[in-house]
Amino acid sequence: MESVKGILKGAVILGKQYIGYVGTYTRQSSKGIYRFTLDTTAGKLSVPEVAAEVGSPTYLAISEDQKFLYSVAQQEKFGGVAAFEIMNDAGELKPLNTQVEEGAPPCHLDVYGDHLLTGNYHEGRVNLYNINHKGGIEPVLDVYNHQGNGPHERQEKPHVHFTGLTPDRNYVVVADLGTDEVVTYKVENNELKKVQTLHVKPGSGPRHLTFHPNGKWAYLLTELSTEVIVLDYDQQTGSFTEKQTILAKPEDFEGQNDASAIHISPDGRFVYAGNRGHNSIAVFQVDEANGKVEFVEFTATGGEWPRDFCLDPSGAYLVVANQHTGNLVLFARDQETGTLTKLDSEVKVPEGVCVKFL
C-alpha cells in the first residue's frame, strides 16, 4: 500500500493529533458521545471511547473558543440540548446542564457567541437559547414555528433540518426540508425575526448548507432530490440567489438515496456531499471565478448509510460515519485534485450520526 505521505499530496499539516467526537443515536448499543483521536502522521484513528453518556446526541456543536461542546439530548419523552465543558487537551467532557421539554428532540444545532440555535425536524421549528458565562444553556428565549408543506410524501409539514450562522455573523440561515425553503433570520433583542426566504425546486427537500470561505457563495444539499444547489449570498440583505443545480448521485442509480451532509475544503476549492443508499461521497471542484462546481468523482464510504463526515482541521483527511454499519472510516484527501483515498484505518462506533473535530 502506498505510504500515507505519498497519498497526501499538497498536505498542509502532518505530525499532529486531532481530537474528534461522534454523535450517535442510542437506540441500540450506543452510550452517547464518543471521542477519538486522528494521528495525522500514521494516518490512523484511535479506538473511540465514551466521552459522555447522553440520550441520542445526534448532532454536536463546539464553541468558537473550543471550551464547550453542545449536543442534542433526549430523555425518554423529552427532547432538547445538553452542554459540556471540554476539560483538557485529551478532550474529556464534563457535563454542565441540559434544557429539555416534552416532545421530539431537535436534529441540528449551532452555537455562536452567547447564543445556541436548534432546528427541530419533527416539530418544524427553530429554538433560540442563551449561553451563560459558565457555558451552560439557559431556558428557551424564542421559538419560530415554520408553516407550509411540499409535494413529496415526506413534506406533509415543515421539517427544519439545518440552523447555522452566516459568515458575516449578521444572520441565521435555516434549511427546511418540508417546505423547500431556505430562511434567513436576524437575531434582535433575543428574538428571531424572519428577513428573507428562498424557495427552491418543489420536492427537493433542502437538508444542509455550507458556505465558501469567501463568504459570497453557499452550497445547499437537497436530501430528496440529491442535488447541490450553488447560491450567491448577499451580505447586505441576507438573501440567496440560485446560480447552479447539479446532481450529487449517479444518474443511473435506481435504489433509494437520501443525501446527508455537505462540507467544503478549508481552501474553498472542493465541495463534498454524502449519499445514503449509494453509500458514497460525491466530490466537486469549485470554479474560483464564480463558485460553480464541476463533478470530480464518487468515492465509496466503506460502509452503509454515511450519515455524516468531517474534514480534519488540516484538510488532509476526511472521516466518514456510516450509521448502519457502525463504523468510522478514514480517507486521505489529495488537496490538489480533491480526490479521496481510503486508508487502512476503520474503527467501530455504534449508530454514528455526526462527526466534529476540535
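A residue is taken as buried when its relative accessible area is under 20%. By that yardstick, strand β23, which spans residues 280-286, is mostly covered in this predicted model: 6 of its 7 residues count as buried.

The neighbours of β23 come on both sides of it in sequence. Strand β22 (residues 270-276) pairs with β23 in the antiparallel sense, over 6 bridges. Within that pairing, Y272 has V283 of β23 as its bridge partner. The connection between β22 and β23 is a hairpin with 3 residues between the strands, and G277 in the turn takes a positive phi of about 125°. On to the next strand, β24 (residues 293-300): β23 pairs with β24 in the antiparallel sense too, here over 7 bridges. I281 has T299 in β24 as its bridge partner. This is again a hairpin, with 6 residues between β23 and β24, and the turn again holds a glycine with positive phi, G291, at about 85°.

Y272 turns up once more in the surroundings of H263, a residue of strand β21 (residues 258-264). Leaving aside residues up to four places away in sequence, H263 touches T210, F270, V271, Y272, D308, F309 and L311. With one of these, D308, there is a polar contact between the two side chains, at 3.3 Å.

Another hairpin joins β11 (125-131) to strand β12 (residues 137-145). The two strands pair in the antiparallel sense over 6 bridges, with L128 standing opposite D142 in β12. There are 5 residues between β11 and β12, and G135 in the turn has a positive phi of about 90°.

Positive phi is not limited to glycines here. S56, in the loop between β4 and β5, has a positive phi of about 40° although it is not a glycine. D180 is a further case, with phi near 55°, and its place is in the loop between β14 (172-176) and β15 (181-188). Are these two loop residues buried or exposed? S56 has a relative accessibility of 6%, so it counts as buried. D180, at 3% relative accessible area, is buried as well.

Turning to the nonpolar interior, the largest core has 28 residues. Those touching the most other members are Y21, I33, L69, Y70, L93 and L116. At least two residues of this core come from each of β1 (17-24), β4 (49-53), β5 (60-62), β6 (68-75), β7 (78-86), β9 (108-112) and β11 (125-131). A second core, separate from that one, has 19 residues; among them are C310, A332, L343 and V355.

Aromatic rings add a further set of contacts, and a search of the whole structure finds 7 aromatic pairs. What is the arrangement of the rings of F36 and F357? Their centres are 5.6 Å apart and their planes stand at 75°, so the pair is edge-to-face, planes over 60 degrees apart being the criterion. This pair links distant parts of the chain: F36 belongs to strand β2 (residues 32-39) and F357 to strand β29 (residues 352-357), which puts the two residues 321 apart in the chain. Both rings belong to buried residues, with relative accessible areas of 1% for F36 and 10% for F357.

Y233 and F240 make a pair of another kind, classed as tilted. The distance is 5.2 Å centre to centre, and there are 35° between the planes. Y233 has a relative accessible area of 7%, so it is buried under the 20% cut-off. F240 is buried too, its relative accessible area being 7%. Ring pairs also bring in F211, which forms a cluster with Y233 and F240.

Finally, two basic side chains sit over tyrosine rings. R27 lies over the face of Y25, 3.8 Å from the ring centre. In the other case the charged end of K186 sits over the ring of Y171, at 4.7 Å from its centre. K186 falls within β15 (181-188), the strand that follows the loop holding D180.

Technical notes: Residues numbered from 1 in each chain as written. Predicted model: local features only at pLDDT ≥ 70, side-chain atom pairs only at ≥ 80, totals over all residues. Heavy atoms only, no water. Helix = DSSP H or I, 4+ residues; strand = E, 2+ residues; numbered from the N terminus. Polar contact = N/O pair within 3.5 Å; in protein donor to acceptor, adjacent residues only side chain to side chain. Contact = heavy atoms within 4.5 Å. Core = buried A, V, L, I, M, F, W, Y, C linked by side-chain atoms within 4.5 Å. Buried < 20%, exposed > 50% of the residue type's maximum accessible area, 1.4 Å probe, protein only. Phe/Tyr/Trp six-rings, centres within 6.5 Å; stacked < 30°, edge-to-face > 60°. Lys NZ or Arg CZ within 6 Å of the ring centre and 35° of its normal. Pairing = 2+ DSSP bridges.
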